[in-house]
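Hi everyone, thanks for coming. I'd like to walk you through one structure today, so please have a look at the screen.

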Amino acid sequence: MNLMDTLEHRNMIMNSIELIEHWKQHLRNSRATSLKGMRRYRKLMGDDHPISNYFEGKAQSTAEAIRILEYMLEYQEIFHGNG
């Protein structure tokens, strides 16, 4: 592997880190929207209404997706990036 291949590989890794950051922010926005929906429908229809539960589940699954992306980001930074 020559110097150019090493630089291209590093650039590709940095692009993947930027991509992970982009999707992490997108998921954070989605989670915030779900939490707003959950609070809104709980206020209007009560805690046990199916639509309130739907938004709560959506927010929880999005939080799990964010955790997975954080793990992927940490891996990229430790093994390939500047961590």
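Let me start with a question: is I68 buried, partly exposed or exposed? Before I answer, keep in mind that this is a predicted model. Okay, so I68 sits in helix 2. Its relative accessible area is 45%, and the cut-offs are under 20% for buried and over 50% for exposed. That's why I68 counts as partly exposed.

And I68 has company. Together with Y71, M72, Y75, I78 and F79, I68 makes up a nonpolar patch on the surface. Add up the accessible area of that group and you get about 660 Å².

Now, on to the charged residues. How many salt bridges does the structure hold? There are 3 of them.

Let's take R42 first. One of its partners is D47, and in that salt bridge the closest N and O atoms are 3.9 Å apart. The cut-off for a salt bridge is within 4 Å, so this pair counts. R42 also forms a salt bridge with E56, at 2.8 Å from N to O. That second pair is a fun one to find on the screen, as it links distant parts of the chain. R42 belongs to helix 1, which covers residues 3-45, while E56 belongs to helix 2, residues 50-79. The two are 14 residues apart. As for the surface, R42 is partly exposed at 26% relative accessible area, and E56 is partly exposed with 26% too.

The remaining pair to show you is E64 and R67, whose side chains meet in a salt bridge at 2.6 Å, N to O. Where do they sit relative to each other? Both are in helix 2, and because they are 3 residues apart, about one helical turn separates them. E64 is partly exposed, with a relative accessible area of 41%, and R67 is partly exposed as well, at 47%. Back to R42 for a second: through shared partners, the salt bridges join R42, D47 and E56 into one network.

Last stop: S52, which also lies in helix 2. Is S52 buried or exposed? Its relative accessibility is 0%, so S52 counts as buried. What does its side chain reach? It's the backbone oxygen of Y41, at 3.4 Å. Leaving aside residues up to four places away in sequence, S52 touches M38, Y41, R42, G46 and D47. You'll recognise R42 and D47 there, the salt-bridge pair from earlier.

How values were computed
Residues are numbered from 1 along each chain as its sequence is written. This is a predicted model: local features need pLDDT of at least 70, side-chain atom pairs count only at pLDDT 80 or more; totals for chains, interfaces and linings use all residues. Side-chain values use heavy atoms; hydrogens and water are left out. Buried means under 20% relative accessible area, exposed over 50%, partly exposed in between (1.4 Å probe, protein chains only). Helices (H or I, at least four residues) and strands (E, at least two) are DSSP runs, numbered from the N terminus. Patches are made of residues with over 30% relative accessible area and no salt bridge: like charges are joined within 9 Å, nonpolar side chains (Val, Leu, Ile, Met, Phe, Trp, Tyr) within 5 Å. Accessible areas come from the Shrake-Rupley method with a 1.4 Å probe; for residues, only the protein chains shown count as cover. A polar contact is a pair of N or O atoms within 3.5 Å; within protein, one must be able to donate a hydrogen and the other to accept it, and residues adjacent in sequence count only if both atoms are side-chain atoms. Contact means heavy atoms within 4.5 Å.
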